[in-house]
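Me: Please take one part of the structure below and go through it closely, residue by residue, and then work outward to its surroundings and the chain as a whole. I would like one connected account rather than a list.

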Amino acid sequence: MVRAPKFWQVPWLPCANNGYLTSEKYPELADVTVDSLFDAEGRNWDGKVLNDLCNERDKTLIYQVPIPMRSKNDSCYWLPENKGKVSNFLWRVARDVLPTAVGLITKQVAIPATCTWCHTYAEDAAHILFKCCFAQELWESTGLGNIVFAGSVDTTTEVLKWVFTTARTDQCALVGLFCWGLWSRRNKWVWKRINMSIFGVKTVALNMLADWNQAQTIAVKSSDKTITRNSSWCKPP
Ligand SMILES: [Zn+2]
């Protein structure tokens with residue numbers, strides 16, 4: 001069994017001239033593996049994901065790559081149980097497709113656009129994760145504010161591109177985790193009126209970091225040898 005290649009980092013496409021993807025590369029997806037492009041059953045390429053991530057040239061080539069028939073155990077080998085929770089979330093942040101109030105309104109859902117926390121500004125992803133008073137307080141308390149707010153915060157895509165091209169790897173991981181924590185906290189507030197404190201959001205995010213680190217280093221026995229699992233991104237629901 002071979003470990004799934006990272007789809008932006010190896011020349012896995014059936015093209016003699018250039019086996020690399022030529023689609024736009026998102027830094028936050030640099031470690032995403034090829035198997036993340038499979039559908040839920042792992043038997044076919046996921047057309048929706050390919051449409052989102054790949055240009056026509058890449059899609060045409062990818063569809064020519066046969067997916068090996070794999071047993072469930074093989075799938076587990078490639079796709080650990082706690083796969084890509086944060087990476088999946090970051091993918092949605094980078095694509096600016098989080099179901100915020102503004103996002104839902106653009107899909108004809110009739111709801112108020114205003115943030116239910118500060119009651120002042122429209123609730124888009126950049127507001128929830130970076131501009132709302134709660135988010136600003138959190139970033140400043142984590143010491144990451146000077147990184148996050150050094151570039152434009154107009155859109156989440158701009159922020160992530162800035163962070164992932166200028167910050168250290170450990171800082172990028174923390175930014176991703178705190179974004180995830182802020183979004184989780186937002187959902188608890190919007191849907192259940194549970195008010196998590198800044199300390200609470202930090203704790204959840206740092207626990208996630210511990211899980212993430214564990215997922216990176218869990219050694220699983222496969223046949224007669226020990227291998228290391230990779231976390232992998234999976235498409236959003
Ligand atoms: Zn707000």
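Reply: Histidine 119 is found in the loop between α5 and α6, and this loop is a useful place to enter the model, which is a predicted one. Histidine 119 has a positive phi of about 55 degrees although it is not a glycine, and, with a relative accessibility of 60%, it counts as exposed because that value is over 50%.

From this loop the account can move to the metal site. The zinc ion has as its protein donors Cys115 through SG, Cys118 through SG, His127 through NE2 and Cys132 through SG, which lie 2.0 to 2.3 Å from the ion. The angles among these four donor atoms run from 104 to 122 degrees, and the site is tetrahedral; the assignment follows because all of the angles lie between 85 and 135 degrees. As a point of reference, the ideal angle for four tetrahedral donors at a metal is 109.5 degrees. Along the chain, the donors of the zinc ion follow the spacing C-x2-C-x8-H-x4-C. Two of them show how the site links distant parts of the chain: cysteine 118 is in the loop between α5 (101–105) and α6 (125–131), whereas cysteine 132, 14 residues apart from it, is in the loop between α6 and α7 (133–142).

Each donor residue can then be considered for its exposure. Cysteine 115 has a relative accessible area of 2% and is buried, and cysteine 132 is likewise buried at 4%. Cysteine 118, with 18%, is also buried, since the class takes in values under 20%. Histidine 127 is found in helix α6 and is buried, its relative accessible area being 3%. If neighbours within four places in sequence are left aside, histidine 127 is in contact with the donors Cys115, Cys118 and Cys132, and with Tyr121, Ala122 and Ala135 as well.

Away from the metal, cysteine 179 counts as buried at 0% relative accessibility. A search of the whole structure finds zero disulfides.

Helix α6 also holds lysine 131, which is partly exposed, with a relative accessible area of 32%. Not counting residues up to four places away in sequence, lysine 131 touches Ala126, Gln136, Val153 and Asp154. Its C-alpha lies 9.5 Å from that of phenylalanine 149, with the two residues 18 apart in sequence.

Next comes α7, whose buried residues are Phe134, Ala135, Leu138 and Trp139. These residues lie on the same side of α7 because they cover an arc of only 130 degrees around its axis. On the other side of α7, Glu137 and Glu140 are exposed. Ala135 thus appears both among the buried residues of α7 and among the contacts of histidine 127. Just after α7, glycine 143 takes a positive phi of about 80 degrees.

Beyond that glycine, valine 148 lies in helix α8, which spans residues 145–148, and it counts as buried, with 0% relative accessibility. Residues up to four places away in sequence aside, valine 148 touches Trp139, which is one of the buried residues of α7, together with Phe130, Val153, Val159, Val163 and Val175. Val153 is touched by lysine 131 and also by valine 148. Between valine 148 and glutamine 171 there are 10.0 Å from C-alpha to C-alpha, the two being 23 residues apart in sequence.

Another positive phi, again of about 55 degrees at a residue that is not a glycine, is found at arginine 193. Arginine 193 lies in the loop between α10 (169–192) and α11 (198–217) and is partly exposed, having a relative accessible area of 47%.

The chain as a whole provides the setting for these details. The protein chain contains 11 helices and two strands, and, when it is read along the sequence, the helices are followed by the strands, in the pattern α-α-α-α-α-α-α-α-α-α-α-β-β. Of its 237 residues, 46% count as buried. Among its contacts with a separation of 6 or more, 61% are accounted for by residues 24 or more positions apart. The accessible surface of the protein chain comes to about 12500 Å², and 54% of that area belongs to carbon and sulfur atoms.

Note on methods. Residues numbered from 1 in each chain as written. Predicted model: local features only at pLDDT ≥ 70, side-chain atom pairs only at ≥ 80, totals over all residues. Heavy atoms only, no water. Disulfide = S-S within 2.5 Å. Buried < 20%, exposed > 50% of the residue type's maximum accessible area, 1.4 Å probe, protein only. Donors = N, O, S within 2.8 Å, 3.2 Å for Na, K, Ca; no water. Tetrahedral: all angles 85-135°; square planar, octahedral: opposite > 155°, others 65-115°. Arc of directions from axis to C-beta. Contact = heavy atoms within 4.5 Å. Areas by Shrake-Rupley, 256 points an atom, 1.4 Å probe, with all protein chains shown as cover.
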